[in-house]
Amino acid sequence: MEWLTAPFEVTFVQRALWAGILVSAICALAGTWVVLRGMAFLGDAMSHGLLPGVAVAALLGGNLMVGALVSAAVMTAGVTALGRTPRLSQDTGIGLLFVGMLSLGVIIVSRSQSFAVDLTGFLFGDVLAVRASDLMTLGAALVLALAVAVAGHRAFLALAFDPCKARTLGLRPRLAHAALLGLLAVAIVASFHIVGTLLVLGLLIAPPAAALPWARSVRAAMLLAAALGAVATFGGLLLSWHLGTAAGATVAALAVGLFFLSHLASGVRHRRRARRERAPGSAATHTPSAPAVPIPSPTPAVSAPANRPIET
């Protein structure tokens, strides 16, 4: 048991664990919608689009979180504006913003004498350097993200199913999309200084994607994703302590590993269920099952397993 508990007797590892748990909860709220709507590329673009604001804040000696928030606001406004351009696909607009913001950030950072150190910290973060004030900031971000997720749940759900139907229901899909981008920005800004922009997608996408095959509702997927993110944080910090590896990268790698294990187990369960239903004399061969209501599928499709009813 000492092997399991010894790392977490150290104060900075305890803070890292709490930070990872808070980040996992924030990312679960935003990441579930990111996976359902197939917005992973947008998440990646927004995480890297923070660099100009962070670079300017670093050069001026200001707060990096404020700089990241300004860049996130610019990215959100840009994506929303370009999404209304009929002759430009959304992916094209996101890609242009991604390259433009990242290039601008690298140009600004290159003016600093500590270019390599600053860029490394931005890309990979330092989960073991979390301070008590960072935990308070993450707690505030979690409250904000939870408020947005609860207030916009109905609109987000309708938007994921059918934007046209959401408009007929009076849910204002454009405003809902902008709010969802804001929720994504909160998750990324709150997380980038903990695990870095290159690794933030590990907690933003992997736990929700691992949770979807086992969840009967979007809310259940969020709760399970938060739990899986916490498990990845605990296991990643433990392995990092004993193996001497980078903590943030180990956490993100373990989150991705949990995703593959989840979908492997889901596939095995689905095949066993299919064999039971095809077996002679089984109830499924005589009684047709009621059609399931699927969780809205992203593009490419990520959906809940067949024959499982979904509650919304």
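Start by selecting helix α4 (residues 51-60) and helix α5 (residues 64-82) in this predicted model. Their axes come within 7 Å and cross at roughly 150°, so α4 and α5 run roughly antiparallel to each other. Look at the handedness while you have the pair on screen: α4 and α5 make a right-handed crossing.

Now show side chains on the two facing surfaces. From α4, pick Pro52, Gly53, Val54, Ala57 and Ala58; their partners in α5 are Leu64, Gly67, Ala68 and Ser71. Colour this contact by class and you get six nonpolar and three polar residues, with no charged ones.

Keep α5 and bring in α11 (173-195). Here the packing angle is about 150° and the axes lie 10 Å apart, which means that α5 is roughly antiparallel to α11. The crossing of α5 with α11 is right-handed.

For the contact itself, select Leu64, Met65, Ala68, Leu69, Ala72, Thr76, Val79 and Thr80 on the α5 side. Across from them, in α11, are Ala178, Leu181, Gly182, Ala185, Val189, Ala190, Phe192 and His193. This contact has 12 nonpolar residues, four polar ones and no charged ones. Notice that Leu64 and Ala68 of α5 meet α4, and that Leu64 and Ala68 also meet α11.

Next, stay with α5 and α11 but switch on a pocket display. The second largest pocket holds about 350 Å³ of space. It has 15 lining residues, and the ones closest to its centre are Gly83, Arg84, Gln90, Arg174 and His177. Which elements each supply at least two residues of this lining? They are α5, α10 (163-168) and α11. By class, the lining of the second largest pocket splits into six nonpolar, five polar and four charged residues.

Time to move to another pair: α2 (11-36) and helix α8 (residues 132-151). These two pack at an angle of about 15° with their axes 9 Å apart, so α2 and α8 are roughly parallel to each other. Their crossing is left-handed.

Select the α2 side of this contact as Arg15, Trp18, Ala19, Leu22, Val23, Ala25, Ile26 and Leu29. The α8 side consists of Ala132, Leu135, Leu138, Gly139, Ala141, Leu142, Ala145, Leu146 and Ala149. The class split for α2 with α8 is 15 nonpolar, one polar and one charged. If you are colouring by class, Arg15 is the charged residue and Gly139 the polar one.

Hold on to Val23 for the last stop, the enclosed spaces. How many cavities of 30 Å³ or more does a search of the whole structure find? The search finds two. The largest cavity has a volume of about 50 Å³, and its lining is Gly20, Val23, Val127, Ile194, Val195, Leu203, Thr233, Gly248 and Val251. Three elements give two or more residues to that lining: α2, α11 and α14 (247-278). The lining of the largest cavity comprises six nonpolar and three polar residues, and no charged ones.

To finish, leave Val23 selected and flip between the two views: Val23 is part of the α2 contact with α8, and Val23 also lines the largest cavity. Then do likewise with α11, which packs against α5, contributes to the lining of the second largest pocket and gives two or more residues to the lining of the largest cavity.

Key
Residues numbered from 1 in each chain as written. Predicted model: local features only at pLDDT ≥ 70, side-chain atom pairs only at ≥ 80, totals over all residues. Heavy atoms only, no water. 1 Å grid on protein atoms, 1.4 Å probe; cavity = no way out; pocket = protein on both sides within 12 Å on 5 of 7 lines; lining within 4 Å. Points joined across faces, edges and corners; volume = space filled by probe spheres on them. Helix = DSSP H or I, 4+ residues; strand = E, 2+ residues; numbered from the N terminus. Axes fitted to C-alpha atoms, helices over the stretch in contact; angles between N-to-C directions. Parallel < 35°, antiparallel > 145°, perpendicular 65-115°, else oblique. Left-handed = near helix turned anticlockwise from the far one by under 90°. Contact = heavy atoms within 4.5 Å.
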